[in-house]
Amino acid sequence: MRIPADVLAVMSDRTEADCHRLTLVGPRLPPALYQRVNEVLEAVGGRWMKSEGAHLFPVHAAEALAPVLAAGEVVTPGEKRTLAQYFPTPVPVVGRLIALAALEPGMTVLEPSAGSGVIATAAAARGAIVDCIELDPGYATVLSDKHVARRVLVADFLTVPVEPRFDRVLMNPPFTRGTDMSHVVHALRFLKPNGLLVSVMSWTVTEQTDSTTAFRKLVEQRGGHVEALPARAFAQSGTTVDTVLVAIPATRPGGARPTVWPVRGIPVRDAEELGSPAGIAAEIVSDLRKAVAAFEQVASELTRPAPTTMPGGVEVS
């Protein structure tokens with residue numbers, strides 16, 4: 001959104017940045033103006049800390065503010081969700097993802113592209129030690145405020161150097177143009193040899209295409225598990241895209257079963273519409289009797305002697 005001139009003036013002329021701290025200087029701002037300034041600061045990751053008398057940022061405050069001052073615009077949380085294809089993971093999906101992960105207390109867990117940390121929060125509640133990576137400073141601040149993660153790194157996950165030290169990677173990556181496959185492949189490199197990754201992914205990965213061939217082969221080689229999520233599982237988050245959960249071990253376990261890729265279901269009629277088994281059988285028997293009667297009629301017609309014609313054109317049967 002475009003930043004109003006009075007808000008931009010405050011941020012340009014009445015702020016002092018010191019590393020992660022941003023202080024408002026000069027006379028006290030009117031409450032309404034302060035609220036609008038605070039809204040912009042929060043959008044770029046700043047959080048007011050009364051004990052510090054300043055807004056604290058997960059990155060250097062001047063770096064967070066510079067592009068906003070230069071452009072005179074800020075991306076609101078709603079705009080961030082649209083631009084970054086960020087759709088928070090609904091609670092039922094998180095529950096199933098956690099179940100597939102078979103978490104145990106003390107396990108180390110990584111959530112890449114963590115957003116506001118819904119998955120991280122659920123993992124921490126089960127006693128896991130969680131690290132998060134999030135590109136957006138605003139969401140990173142939300143994560144820090146929750147105090148569920150041991151570490152929150154502000155970075156583009158695809159550029160983060162590999163550290164194979166996690167028991168689990170749990171994630172809901174962006175989907176646009178197959179980005180989810182790139183994120184999952186990179187995330188697998190962060191697992192210990194006996195680790196497991198569980199990710200929400202677009203239904204697209206279940207389809208055999210040129211763009212999915214390599215990824216599907218990787219899942220099958222590792223003995224991965226794929227299951228379809230219910231239709232409209234993410235409707236409450238703002239999207240109706242079809243999704244699946246994909247679980248991929250760091251190394252193929254012994255006795256792993258072949259990967260079964262889900263297919264789109266064929267609508268099934270209700271049981272009442274289908275009728276009872278006895279009723280269906282009676283209908284079949286009735287149809288068969290009608291068919292037999294029709295065949296008997298045809299046979300009778302074929303065996304009847306052909307009529308003969310007497311002189312004068314009179315037919316005699």
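**Aromatic rings, a charge over a ring, and a leucine contact**

With a relative accessibility of just 1%, Phe-190 counts as buried, since anything under 20% falls in that class. The model here is a predicted one. Phe-157 ends up in the buried class too, at 2% relative accessibility.

These two residues come up again when it comes to ring pairing. The structure holds 1 aromatic pair. It is made by the rings of Phe-157 and Phe-190, whose centres are 5.3 Å apart and whose planes meet at 40°, so the pair is tilted. That label follows because planes under 30 degrees apart would count as stacked and those over 60 as edge-to-face. The pair ties together distant parts of the chain, with the two positions 33 residues apart. Phe-157 belongs to the loop between β7 (151-154) and β8 (166-171), while Phe-190 belongs to the loop between α8 (179-188) and β9 (191-202).

Another ring, that of Trp-261, has a charge for company: the charged end of Arg-216 sits over it, 4.4 Å from the ring centre.

Over in helix α3 (residues 61-71) there is Leu-69. Its relative accessible area is 31%, so Leu-69 is partly exposed; that class covers what lies between the 20% and 50% cut-offs. Setting aside neighbours within four places in sequence, Leu-69 is in contact with Leu-8, Met-11 and Ser-12. For one of these partners, Leu-8, there is a backbone distance to go with the contact: its C-alpha atom and that of Leu-69 are separated by 7.1 Å, with the two residues 61 residues apart along the chain.

Note on methods. Residues numbered from 1 in each chain as written. Predicted model: local features only at pLDDT ≥ 70, side-chain atom pairs only at ≥ 80, totals over all residues. Heavy atoms only, no water. Phe/Tyr/Trp six-rings, centres within 6.5 Å; stacked < 30°, edge-to-face > 60°. Helix = DSSP H or I, 4+ residues; strand = E, 2+ residues; numbered from the N terminus. Buried < 20%, exposed > 50% of the residue type's maximum accessible area, 1.4 Å probe, protein only. Lys NZ or Arg CZ within 6 Å of the ring centre and 35° of its normal. Contact = heavy atoms within 4.5 Å.
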